[in-house]
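Got your viewer open? Load the model, switch to a cartoon view, and get ready to click around with me.

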Amino acid sequence: MAPGSLFRDNPVVFGTPKLEGYFYDSTHTSNESNNNANGSTACIVMHPHPKLGGDCNNNVVMGVSSALIREGYSTLRFNFRGVGASRGSSSWKGVSEREDVKNAIEFVKTFDGIEKVVIVGYSFGSAVSLAISSDPKYDDMVDAYVLIGYPRGFWASFMFASHYNLANTSKPKYFILGTQDNFTGVDKLRKFVDGLPGPTGLAVVEGADHFFFSREMEVAQLLISWMKKQGH
């Protein structure tokens with residue numbers, strides 16, 4: 001899909017540095033697939049590593065975003081700093097990108113009718129987004145976290161170790177991982193998840209690797225089903 005093609009999600013610019021994104025405000029939009037029942041929940045979908053080609057048009061980001069929009073959720077996908085038309089410079093470890101997540105939360109909260117925020121991070125985006133939960137101001141603004149392909153393996157830890165100890169929110173958290181993930185083993189992630197506070201869940205996609213090619217809709221349905229059970 002081309003940028004901006006998801007049920008006419010609109011190009012937006014927000015934050016400092018200026019970040020490029022696409023936002024579908026379901027509270028003021030309707031179509032034959034969308035009855036606006038879930039529009040008061042805004043889902044922020046975050047992409048994989050910017051240094052390795054990740055952007056908001058990634059297959060998982062697009063697949064999940066399109067499914068959320070079809071279910072009537074307000075949805076923001078955006079490029080981290082230094083990606084696409086987003087200003088600034090990207091980083092390897094994702095420390096500066098935590099500020100981009102905070103900017104995205106503040107942005108969706110400016111829209112009338114948005115009552116809940118669900119973070120949906122994929123790969124790099126999952127590690128960075130869960131880490132912002134260490135800031136009470138922003139954790140209070142988030143209702144739940146969905147983490148797809150969370151990078152918790154040995155090699156990934158060299159890049160993302162600074163995020164792990166910040167993942168201490170008591171808000172509901174739902175992890176989705178393929179059994180053939182290239183960077184994280186199921187047992188390794190399960191041990192991490194079991195050590196986190198608050199409600200947690202781990203869904204395993206049999207036979208899928210880290211990139212979920214042709215499995216995007218399975219991932220989307222897992223997270224949407226979980227969100228609905230959480231009342232979102």
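Select H49 and K51 and show their atoms: a polar atom of the H49 side chain sits 3.0 Å from the backbone nitrogen of K51. Keep in mind as you click that this is a predicted model. Where are you along the chain? H49 belongs to the loop between β3 (41–46) and α1 (59–70).

Is H49 buried or exposed? Its relative accessible area is 6%, and buried means under 20%, so H49 counts as buried. Now light up what surrounds it. Setting aside residues up to four places away in sequence, H49 touches G54, S91, W92, F124, M159 and F160. For a contrast, click D112 as well: H49 and D112 are 63 residues apart in sequence, and their C-alpha atoms are 32 Å apart in space.

**Next stop: V83**

Select V83, in the loop between β4 and α2. V83 is buried too, with a relative accessible area of 8%. Which residues does it meet, once neighbours within four places in sequence are left aside? V83 is in contact with E20, H47, P50, G54 and D55. Try drawing a line between C-alpha atoms here: V83 and P50 are 33 residues apart in sequence, yet the line comes out at 6.4 Å. You've met G54 already, by the way, as it's on the list of residues touching H49.

**Zoom out to the sheet**

Colour the strands and follow them across. Eight of them make an open sheet, ordered β1-β2-β4-β3-β5-β6-β7-β8, with mixed pairing. At the edges stand β1 and β8 (200–205), each with a single partner strand, so one side of each has no neighbour in the sheet. Tilt the view and look for the twist, which averages 20° from one strand to the next.

Start with β1 (residues 10–14) and β2, which run antiparallel and are joined by five bridges. Click N10, then look for its bridge partner in β2, which is F23. The two strands form a hairpin with four residues between them, and G15 in the turn has a positive phi of about 80°.

Now hide everything but β2 for a moment, then bring the rest back. How many of the six residues in β2 (residues 19–24) are buried? Six of the six are, so the strand is largely enclosed by the rest of the structure. Both faces are covered: L19, G21 and F23 lie on one side, E20, Y22 and Y24 on the other, and all are buried.

Next to β2 in the order comes β4 (residues 74–78). These two pair in the antiparallel sense over four bridges; to see one residue pair, select Y22 and its bridge partner in β4, R77.

For a parallel pair, hop to β5 (residues 116–122) and β6 (residues 144–148), linked by five bridges. Click V120 in β5 and V146 in β6, which are bridge partners. Helix α3 packs on the sheet here, touching β3, β5, β6 and β7 (173–178), and its direction makes about 140° with that of β5. Then find α6 (residues 186–194): this helix lies across β7 and β8, running at about 170° to β8.

**Helix on helix**

Select α2 (residues 97–109) together with α3 (residues 124–131). Their axes are 9 Å apart, and the helices pack at an angle of about 70°. That makes α2 and α3 roughly perpendicular to each other, because angles from 65 to 115 degrees count that way. Who meets whom? On the α2 side pick E97, R98 and V101; on the α3 side pick F124, V128, S129 and A131. The residues of this contact split into four nonpolar, one polar and two charged.

Stay on α2 for two last clicks. The helix contains K102, which is buried with a relative accessible area of 12%. Apart from residues up to four places away in sequence, K102 touches I132, D135 and Y138.

Finish with V108, also in α2. At 0% relative accessibility, V108 counts as buried. What does it touch, not counting residues up to four places away in sequence? The list is F23, A42, I44, L76, I114 and V117. F23 takes you back to β2, where it was the bridge partner of N10. V108 and F23 are 85 residues apart along the chain, with 8.7 Å between their C-alpha atoms.

How values were computed: Residues are numbered from 1 along each chain as its sequence is written. Side-chain values use heavy atoms; hydrogens and water are left out. Buried means under 20% relative accessible area, exposed over 50%, partly exposed in between (1.4 Å probe, protein chains only). Two strands pair if DSSP finds at least two bridges between them. Axes are lines fitted to C-alpha atoms, for helices over the stretch in contact, and angles run from 0 to 180 degrees between N-to-C directions. Angles under 35 degrees count as roughly parallel, over 145 as roughly antiparallel, 65 to 115 as roughly perpendicular and the rest as oblique. Contact means heavy atoms within 4.5 Å. Ala, Val, Leu, Ile, Met, Phe, Trp, Tyr, Cys and Pro count as nonpolar, Asp, Glu, Lys and Arg as charged, and the others, Gly among them, as polar. A polar contact is a pair of N or O atoms within 3.5 Å; within protein, one must be able to donate a hydrogen and the other to accept it, and residues adjacent in sequence count only if both atoms are side-chain atoms.
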